[in-house]
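User: I am new to reading structures and would like a guided look at one place in this one. Please start with a single residue and then walk me onward from there.

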Amino acid sequence: MKRLFNLLLVFLLTGTSSIFAQITLKGTVKDFDSGKPLPGVKVQIVGSIIESTTDANGYFEINNLEQGNMVIDFVLEDYQTTEQEVNLTEDTTLPDIMLKRSQDSEGALTFSEITISSDDLESAGGEQSITGLLQSSQDAFTSAVSYTFSPARFQIRGYDSDYSLLYLNGVPVNDPESGWASWSSWGGLNDVTRNKESRNGLTPTDWSFGGLGGATQIDARASQQRAGTKISYASTNRTYTNRVMFTHSTGMMENGVALTISGSRRWAEEGYVKGTNYDAWAYFVGIEKKFNDKHSVAFTTFNAPTKRGMQGVSTDEAKNLVGDNYYNPNWGYQNGEKRNARVRFQQEPTFILNHNWNVSPNLKVTNTVGFSFGTYQTTSLNWYDAQDPRPDYYRKLPSYWIDSDPDVMNFIADIFSNNTDYNQINWDYMYQVNYNSLDTATNTLRSKYIVENRITDSRQLTYSTVGNWNPIPELKVNGGINASIYKGRNYKKIDDLLGGDYWLDIDQFVERDYYNNPNLAQNDLDNPNRKVKKGDVFGYDYDANVDNGNVWATGNYSLDNFDYYFGGNYTYTEFWRTGNMRNGRFPDGNDSKGNSAKQKFNDYGVKGGATWKISGRHYLDANLSYMTRAPFFRNSYISPRTSNFVIPGLSSEKIASADINYNLRTPYIKARFSAYYTKFMDQTELQSFYDDYYRTFINYTMRNIDKVHKGIEFGAEIKISPTLTANAAVAAGTYQYKSRPLATVTQDNLGTILQSDQVVYIKNFYVANTPQTAATLGLRYASPKYWFFGVTASYFDDIYVEFAPGKRTAEALVGLEEGDPYREKLTDQIKLPSACLLDANIGKSWKIKDYYINLNFSVSNVLDKTDFKTGGYEQARYSIADQTSDKFPPKYFYAYGRTYYLTLGFRF
Amino acid sequence: MKMFKNILATIIPASFLFLAMPSCVDFNYDAIKPRVDSTTLAANTTIAELKSLYVDGLTKLTDTSINMRDSIIIEGTVISDDKEGNFYKSLFIEDETGGIEVKLNKTTLYNDYKRGQKVVVYCNGLYLGDYGGSIQLGSIYNNNGAWEISGIEGDPLINLHVFKKGETIIECTPITMTPALLSTQNIGRLVKFDNMQIKDTLSPITGETYTYADDVNKVTINHVLESNMATYTDLVLRTSGYAKFAGTTISTKSGSIVGILTYYNGTFQLLVRDLNDVMFDQPRFQQK
């Protein structure tokens, strides 16, 4: 092993003329106002991968530096990034670096999180979640786009969130079932999750191999929190209306202990969208003990229980009639109160233990064990042999009555526009139907309408070890191993029988089609025709088991003008389904109950790149990577709720990616220009929806999906004067499908294969629901008298609507000649109009004795543009009889209109 | 010790903050109480009178339809039941004078209107139409240029025209039929035939006993009914392919049968609501 390493060294050193003077740079970073030391400050040599972090005393030390000119950045969330130019010739201790608080540290930068739910979306494999792009603020592009682009659902390079890896204190927090990054797990804990380190794209990191879309590490250890107390209150009209938050950190005390506690509550009786109530609490406790210079142990625990009424999506017809683009079909009046049928509750208590071990000045090892158990619950209406209770169901809209007497149609339009008994959920009707549903044999009420609660209870244990090793000055090796065991139990429970006494646990679609074979309709064949009551599990019940292990390593090698890196990654993944109910459609063996076969995947990734340091102020880097990734559990089973069958041809997807970046750093201009190209191969997608032709629910799985994402990014921050700064960013990309995927269509009822290898003609279709073109320009005035004002304008274009693949098949077009307008209507992808948004913010801070007070007010979408469609999806359902989809038009998401965020904070 | 002071210094003001907040955002709702819908509208027209207003084609019911009346209001008792799927978007009601099919463009009507429920129909604005000799009450729709009778368009319109009256459920007693009573004025009424059986029970093609309808292809089937006491011509038992009992083999015995009497182009059709209406408990009789 040692010989191998020596060989590697010789290989790397060949041709190297540079002689490394092993210079050490050290110093202390303090708060400009208070003079207190600042822990957790990132000290970065610009244009290199060399960096360090200040300890609890604000002290940092970087060893093994080479001679020469360099620019050093001092970065800390809430503080203005400060740079220093140094000409190193010998060991140097810098004078104390004083960081000034950035004036818009709170509020102005609080991103809004919008989560939209609907039955269609859930089955289409994803709820549309918009979260802020929390990226490193020291990058000119990401700092410009982070907050201004998020209302438009902008995704950097068009990548889904599961390509960006997110870590908290070393624990990966992407959901193993779906891959989604779960920002909401620590919602409301902004104070203690501010220390973030992000890497864009393929750039290597110290703590992981990284994802395609980069990696973010949140360091919430107690020693990394600034000593002091913070209390703040915010008023807003977004998803919540009020927020209170407090945080206290001791900093590293003389006994070597640091303690941080934080808590918050965010709530709204009604948010921006009608019928969306919100109640979120959060707590955080972190304690860290530094035993000596070599060992410290940190324990962190937090949870953010959140409950809220969800926003729904609807068609333009319904929205126009109601006269509200934020029309929410999810609620209705119950005894005069707005009741939302779709209530989300989630929480995930998390416990993390870190052991930081400085083995030697050149070797640092971090061991982490994390455990979390969470629940994620969403209520929904369900009904049996009764009218569809959704107010915007297509048969309730005037367009369905197009062949009626025009007066009647107008009357229906009028009533839908004005009467909440019809344009919102009619709870009263459902209760009365249930009261009227007497089962005379038992003298009990069989509920026709219920509220059910779809639940995922998860447990995850993770372990990781990360080592950072500097064997020789020129070489930095990072590596680690990690493993995770996950189990998620997915089931549903009766939440509310709406006045009835029981619900019969059978599948009504199967019952209708196979009336004379009652066993088929049983959801739980071992307990047939079960009468379920409030709190009982019914419908489906299975465990998703996902285990994986990973080893990775990257090596960074520095020359005078060039840095190289190379990295490798291997991941083993296995998952299986454990059915806890024997389904009547799949009664045999372990087709539905018991363990499915284990799906096993071996995945690897390689990446490499080089940075050419043209000078300390210009550098050019290029990165290349190839990786494979196992499919996620959620996309792998034909019908995970009912059976153990995986989709045919399940395999890892492959991703090849390259980018090239030019960075400019002068005292007045910070800029980055990038070009990238990424190809995804062999992706898999699953949708399930009601099919008009088969008159039943079908599962639609596509495989062999290839996509290409390519484009350019530009970002610049220009200091026009000491008080005036301009920001500009442009992202112009093309994200397209580049293959004709093969679809397998199965009937959910019986698992019967209706179509196999159906060709889906979507080559050159665009990836939906993110602007492929976006630009922003902002100006900011920061007065020396501690107030600031900023305006930002942004532009979004090339937003496409998620298409329904079933309409792009030969089967859907039978009888429609080339040139038939219906053909185009059925097959063309919808592009949404471009839009401009204007944001503004203003703030001031005061210092009164030892108290700091800051007041910030920001307004998003100042011009109240309420017709900005940020995305949408076609309904998969279409009427085969007339081969149009007019009855089932697309549903759209709209960006919020004018909203504000006002924060008042105290710090002492 | 300093640590605890620190914590206290934070927690105390923080607790005040939290206490000042509204105690909770309400996610709990009181159940809605059972309620009896009962209209105060009273009939001013009998069902037989209403049917007599039909002229031809489509007859719109307006306030001038009957002299000196502002409105046409009928009252009847629900006799149909779509729970088992043999009725589709239609409600049959009857009073002492006759029965009529009220077409509603809504499914699962049994959730709203149980058998025996008294309902009042406010007829102004509705239409009468003739479907193969049966008078129907409903709305109209444009079927490729031709206006035809159709169901009242969903809840917003149904709630303007059809009202429940009272909560007492009293099921109608069927009229026991004789060949003489098998006439147009009893169309749309609940009737009972005694000593009946289904004439042909075996399929000449498969050699198996017939089912009530074709549940595989969802096709409606007529089975000829015969009696050993009286002679009925052109009387069939009609069952929808969508009925839940469509795939059930027919009863080969004889006895009484109850159903709604309908009529289409010379044939009287009996529609049962479920198989409890087929009370064939006697041995099969010899065909006359």
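Analyst: Let's start with Asn335(A), which counts as exposed because it has 12 C-beta neighbours inside 10 Å, and 12 or fewer is the cut-off for that label. Please keep in mind that this is a predicted model. You will find Asn335(A) in the loop between strand 22 (331–334) and strand 23 (337–340) of chain A. Its backbone is worth a glance too: phi of Asn335(A) is near 50 degrees, a positive value in a residue that is not glycine. Most residues other than glycine have a negative phi.

Now compare this with Leu498(A), whose phi is also positive, near 50 degrees, again in a residue other than glycine. Leu498(A) sits in a loop as well, the one between strand 30 (475–496) and strand 31 (503–504) of chain A. Its surroundings are another matter: Leu498(A) is buried because 25 other C-beta atoms lie within 10 Å.

Further along chain A, Gly843(A) belongs to strand 48 (residues 835–848). Gly843(A) counts as buried because it has 23 C-beta neighbours inside 10 Å. Leu826(A) is 17 residues away from Gly843(A) along the chain, and the C-alpha atoms of the two are separated by 51 Å.

Chain A also holds an open sheet of 4 strands in the order 3-2-5-6, paired in the antiparallel sense. At its edges are strand 3 (51–53) and strand 6 (82–88) of chain A, each pairing on one side only. From one strand to the next, the twist averages 20 degrees. For a detail of the pairing, look at strand 2 (residues 42–45) and strand 3 of chain A, which are joined antiparallel over 3 bridges. There, Gln44(A) has Glu51(A), in strand 3 of chain A, as its bridge partner.

Next comes the place where the two chains meet. Chain A puts 48 residues into the contact and chain B puts in 34 residues. On the chain B side, helix 1 (2–19), strand 7 (134–143) and helix 3 (154–161) each supply at least two residues. Helix 1 of chain B gives the most, with 9 residues. Sorted by class, the side of chain B that touches chain A has 18 nonpolar, 9 polar and 7 charged residues.

Helix 3 of chain B deserves a pause: 6 of its 8 residues are buried, so this helix is largely enclosed by the rest of the structure. The buried ones are Gly154(B), Asp155(B), Pro156(B), Leu157(B), Ile158(B) and His161(B). They pack against helix 5 (406–418) and helix 6 (420–423) of chain A, and also against strand 5 (118–122), strand 7 and strand 9 (162–164) of chain B.

Let's finish inside the structure. The largest nonpolar core has 114 residues, and Leu91(B), Ile93(B) and Val102(B) are among those with the most contacts inside it. This core lies between domain 1 (47–164) and domain 2 (175–282) of chain B, because both give residues to it. Leaving aside neighbours within four places in sequence, the contacts of Leu91(B) include Val78(B), Val102(B) and Tyr113(B). Apart from the largest core lies another, of 34 residues, including Leu165(A), Trp186(A), Met252(A) and Leu259(A).

Conventions. Residues are numbered from 1 along each chain as its sequence is written. Chains are lettered from A and ligands numbered from 1 in the order in which they are written. This is a predicted model: local features need pLDDT of at least 70, side-chain atom pairs count only at pLDDT 80 or more; totals for chains, interfaces and linings use all residues. Two residues are in contact if their C-beta atoms, placed from the backbone, lie within 7 Å. Ala, Val, Leu, Ile, Met, Phe, Trp, Tyr, Cys and Pro count as nonpolar, Asp, Glu, Lys and Arg as charged, and the others, Gly among them, as polar. A residue is buried if 20 or more other C-beta atoms lie within 10 Å of its own, exposed if 12 or fewer, and partly exposed in between; C-beta atoms are placed from the backbone. A nonpolar core is a set of buried Ala, Val, Leu, Ile, Met, Phe, Trp, Tyr and Cys residues joined through C-beta atoms within 7 Å. Domain bounds come from an automatic or database domain assignment. Two strands pair if DSSP finds at least two bridges between them. Axes are lines fitted to C-alpha atoms, for helices over the stretch in contact, and angles run from 0 to 180 degrees between N-to-C directions.
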